[in-house]
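Work through the exercises below with the coordinates open. Each one sets a task and then solves it in steps.

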Amino acid sequence: MISRIRDYTYDPRFIEYAEAEALKMVTHLFTDAGRTWRQAAKRNSMGRLIFEAMQEEMRGPIGRSIRLQAERNAAIIKSLPLDVAKQVNEHVLREAMKGTRASEIAEQIKVFFPEASKAKANVIARTEVSKTSTALTQARCEYVGADWYIWRTSEDARVRDSHKLMDDVIVKWSDPPSPEKLDGAKRAFGHYHAGEIFNCRCYTEPVLDLDQFTWPAKVYYGGRIQRMTRKQFQKIA
Ligand SMILES: [Zn+2]
């Protein structure tokens, strides 16, 4: 099945489509983070750089990371019939690239699943969609040399306590936190980025401009959350 999915992701028609979509990304990608990308594009040369990066990305490391994620998704949902798995993958990719929010895509994906596995479908869809979003943002950040992101939660009552703790915290891509450990929980799930664990609706927002914060700001550094002034952050960034 993975090789079938791979055939599809390397299909020239898909790549052609993906390249066309990459051009649109600068205005569409990630409803919330998108605002920041656009503001950055207006304000400084970083925006132009990102736009050019997006034009290139389907041919470069980001295209690769999208395809890798598609393969990973395929492996995770291998208990489903192949045609369903393929449809789900295509749908997730198409919608994620359009900038549709993870929660909305998860809702859309439910129609692909047989009634009996709806509950499982929910968890798979939400988790996979948000992992794909995080992978995309990470790949983009790497491409433009942005080493940090801001952990954002959906800021509602359903956010788990350990993730509430992470809200608005600046995190380095190379040093993911263990939110459960920071929260003193008995059961931890290892170190991971926003959106990378089951049922997590948190998302990542790239740090492109230090003017976007009110300093001092919360930074995950040295295994704990610290309040840092702009100067302190610049020293470690
Ligand atoms: Zn979360």
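**Exercise 1. A backbone outlier and its side chain**

Where is the place of Asp168? Find its backbone angle, its exposure and its salt-bridge partner as well.

Solution.
Step 1. This is a predicted model. Asp168 sits in the loop between H9 and E2.
Step 2. Check phi. Asp168 has a positive value of about 65°, although it is not a glycine.
Step 3. Check exposure. The relative accessible area of Asp168 is 30%. Buried would need under 20% and exposed over 50%, so the residue counts as partly exposed.
Step 4. Look for a partner. Asp168 forms a salt bridge with Arg152, with the closest N and O atoms 2.4 Å apart. The pair links distant parts of the chain, 16 residues apart: Asp168 is in the loop between helix H9 (161-164) and strand E2 (169-172), and Arg152 is in strand E1 (residues 148-152).

**Exercise 2. Extend the network**

Which residues are linked with Arg152 in a network of salt bridges? Trace the connections and give the exposure of the members.

Solution.
Step 1. Begin at Arg152. This residue is partly exposed, at 21% relative accessible area.
Step 2. Add the second acid. The side chains of Arg152 and Glu205 meet in a salt bridge at 2.9 Å, N to O. Arg152 lies in strand E1 and Glu205 in strand E3 (residues 203-206), so this pair ties together parts 53 residues apart in sequence.
Step 3. Compare with the cut-off. Glu205 has 7% relative accessibility and counts as buried.
Step 4. Assemble. Arg152, Asp168 and Glu205 are linked in a network of salt bridges.

**Exercise 3. A salt bridge between a loop and a helix**

A search of the whole structure finds five salt bridges. Take the one between Asp211 and Arg230. Which parts does it tie together?

Solution.
Step 1. Get the distance. The side chains of Asp211 and Arg230 meet at 2.9 Å, N to O.
Step 2. Place both ends. Asp211 is in the loop between E3 and strand E4 (217-221), and Arg230 is in helix H11 (residues 230-236), so the bridge ties together parts 19 residues apart in sequence.
Step 3. Assign exposure. Asp211 is exposed, at 56% relative accessibility. Arg230 is partly exposed, at 31% relative accessible area.

**Exercise 4. An acid without a salt bridge**

How far away is the nearest side chain of opposite charge from Asp167? Describe the surroundings of this residue.

Solution.
Step 1. Locate it. Asp167 is in the loop between H9 and E2.
Step 2. Take the distance. The nearest side chain of opposite charge is Arg152, 5.5 Å away.
Step 3. Apply the cut-off. A salt bridge needs N and O within 4 Å, so the pair of Asp167 and Arg152 does not qualify. Asp167 is buried yet has no salt bridge.
Step 4. List the contacts, leaving aside neighbours within four places in sequence. They are Trp151, Arg152, Thr153, Glu155 and Lys218.

**Exercise 5. The zinc site**

Which protein atoms are donors of the zinc ion? Write down their spacing and the burial of the cysteines.

Solution.
Step 1. Name the atoms. The donors are ND1 of His163, SG of Cys200 and SG of Cys202. They lie 2.1 to 2.4 Å from the zinc ion.
Step 2. Write the spacing. Along the chain the donors follow H-x36-C-x1-C.
Step 3. Assign burial. Cys200 is buried, at 2% relative accessible area. Cys202 is buried too, at 5%.
Step 4. Scan the backbone beside the site. Asn199 has a positive phi of about 55° although it is not a glycine. This residue lies in the loop between helix H10 (179-182) and E3, and counts as partly exposed at 39% relative accessibility.

**Exercise 6. Hairpin and cis bond**

In which sense do E4 and E5 pair? Find the glycine with positive phi and the cis peptide bond.

Solution.
Step 1. E4 and strand E5 (residues 224-228) pair in the antiparallel sense over five bridges. Tyr220 stands opposite Ile225 in E5.
Step 2. The hairpin has two residues between the strands, and Gly222 takes a positive phi near 65°.
Step 3. A cis peptide bond joins Trp215 and Pro216, with omega about 0°. Pro216 is in the loop between E3 and E4.

**Exercise 7. Confidence**

What is the mean pLDDT of the protein?

Solution.
Step 1. The mean is 73, and 57% of the residues reach 70 or more.
Step 2. Over residues 18-41 the pLDDT is below 50. That stretch has 49 contacts in the model beyond near neighbours in sequence.

Notes. Residues numbered from 1 in each chain as written. Predicted model: local features only at pLDDT ≥ 70, side-chain atom pairs only at ≥ 80, totals over all residues. Heavy atoms only, no water. Helix = DSSP H or I, 4+ residues; strand = E, 2+ residues; numbered from the N terminus. Buried < 20%, exposed > 50% of the residue type's maximum accessible area, 1.4 Å probe, protein only. Donors = N, O, S within 2.8 Å, 3.2 Å for Na, K, Ca; no water. Lys, Arg positive; Asp, Glu negative; His and termini not counted. Contact = heavy atoms within 4.5 Å. pLDDT = per-residue confidence, 0-100. Pairing = 2+ DSSP bridges.
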